[in-house]
Amino acid sequence: MAETTEPGGPTGPAGPEEPTLDEQIAAYQREFRDLDPQVEKVVSALGRLNRRMNVAYGRQVAALGISNAEWEVLKTLVLAGKPYRLGPGELAKRLGLTPAAMTHRIDRMAGEGLVTRDRDENNRVRVIVELTDEGRTKWLEAMQMATDFEEDLLQDLTPDERGALGEMLIRLLRRVEHAQPDAGGRLTDLD
């Protein structure tokens, strides 16, 4: 949704929406004089973009009958490569979850036929979580929906602008990763 420049912004079914970026920055500057408006505009726009993209992605996976939490597991198994298998502990570590939260998520997904959970043939104590054909199909469907959404999102940028924006965002990401190396996980579980 485009930002408006009207005071108070547009209204929706739930009432007034958040202020425009310009209104937000003006309010911040009024209360905190040391604010750099250029920096605030960048980080506030990134934050709003991230929230809105997460809502859009959530709606897409919900239309497929899966949750964002399930999508994350599917994605992690695909990123592991064929045969799309990981132990629950490794999955939990990669997703920044507690073992209990991971067990709950795997139970739910196994019940939905998205993953299987079996004992490792070489080590009967070890459990292996594997992506099913149904899970891979859901992942592919979600990827197609995301690709369509992302192409639409970036349609007004030239290939050179896309490349430059990507490089700038990667530089910002590297700075955050350097300053906050433990920030890849979650502070709390989502389940």
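In the predicted model, K138 has a relative accessibility of 16% and therefore counts as buried, the limit being under 20%. This lysine belongs to helix α6, which spans residues 133-153. Setting aside residues up to four places away in sequence, K138 touches L64, I66, L74 and L114. Two of these residues, I66 and L74, are among those with the most contacts inside the largest nonpolar core.

That core comprises 24 residues. Besides I66 and L74, the residues with the most contacts inside it are V73, L77, L91 and M102. Two or more residues each come from α3 (68-80), α4 (88-95), α5 (99-111), β5 and α6. The greatest contribution is that of α3, with five residues. The surroundings of L91 show how several of these parts meet. Apart from neighbours within four places in sequence, L91 is in contact with V73, T76, L77, L86, M102, I106 and V129. Of these contacts, V73, L77 and M102 also appear among the residues with the most contacts inside the core. E90 is likewise found in helix α4. With a relative accessibility of 30%, E90 counts as partly exposed, because this class lies between the limits of 20% and 50%. The C-alpha atoms of E90 and T76 are 9.9 Å apart in space, and the two residues are separated by 14 residues in sequence.

The chain as a whole contains seven helices and five strands. Along the sequence these elements follow the pattern β-β-α-α-α-β-α-α-β-β-α-α. Of the 191 residues in the protein chain, 27% are buried. Among contacts with a separation of 6 or more, 48% are between residues 24 or more positions apart. The accessible surface of the chain amounts to about 13100 Å², and carbon and sulfur atoms account for 55% of this area.

Three of the strands form an open sheet in the order β3-β5-β4, with antiparallel pairing. The edges are occupied by β3 (85-86) and β4 (115-120); each has a single partner strand, so one side of each is left without a neighbour in the sheet. Strands of a sheet pair through backbone hydrogen bonds, either parallel or antiparallel. Between β3 and β5 (residues 123-131), the antiparallel pairing extends over two bridges. Within this pairing, L86 has V129 of β5 as its bridge partner. Both L86 and V129 are also in contact with L91, a residue prominent in the core by its number of contacts. On the other side of the sheet order, β4 and β5 run antiparallel and are joined by six bridges. Here T116 stands opposite E130 in β5. The two strands form a hairpin, with two residues between them.

The loop between α3 and β3 has two notable backbone features. A cis peptide bond, with omega about 10°, joins K82 and P83. P83 is placed in this loop, as is Y84. The phi angle of Y84 is near 60°, a positive value in a residue other than glycine. Y84 has a relative accessible area of 13% and is buried, because this value is under 20%.

Helix α1 (residues 21-31) has three buried residues, namely L21, Q24 and I25. They cover an arc of only 95° around the axis, and therefore lie on the same side of α1. An α-helix has 3.6 residues a turn, so residues three or four places apart point the same way. The cover over the buried residues of α1 includes α2 (37-63).

One aromatic pair is found in a search of the whole structure. The pair consists of Y57 and F149 in an edge-to-face arrangement, at 5.4 Å centre to centre and with 80° between the planes. Y57 lies in helix α2 and F149 in helix α6, so the pair ties together parts that are 92 residues apart in sequence. F149 has a relative accessibility of 23% and counts as partly exposed. Helix α6 thus holds both this ring and the buried K138.

Methods:
Residues are numbered from 1 along each chain as its sequence is written. This is a predicted model: local features need pLDDT of at least 70, side-chain atom pairs count only at pLDDT 80 or more; totals for chains, interfaces and linings use all residues. Side-chain values use heavy atoms; hydrogens and water are left out. Two strands pair if DSSP finds at least two bridges between them. Helices (H or I, at least four residues) and strands (E, at least two) are DSSP runs, numbered from the N terminus. Buried means under 20% relative accessible area, exposed over 50%, partly exposed in between (1.4 Å probe, protein chains only). Contact means heavy atoms within 4.5 Å. Accessible areas come from the Shrake-Rupley method with a 1.4 Å probe; for residues, only the protein chains shown count as cover. The arc is that of the directions from the helix axis to the C-beta atoms. Rings of Phe, Tyr and Trp (its six-membered ring) pair if their centres lie within 6.5 Å; planes under 30 degrees apart count as stacked, over 60 as edge-to-face and the rest as tilted. A nonpolar core is a set of buried Ala, Val, Leu, Ile, Met, Phe, Trp, Tyr and Cys residues joined through side-chain atoms within 4.5 Å.
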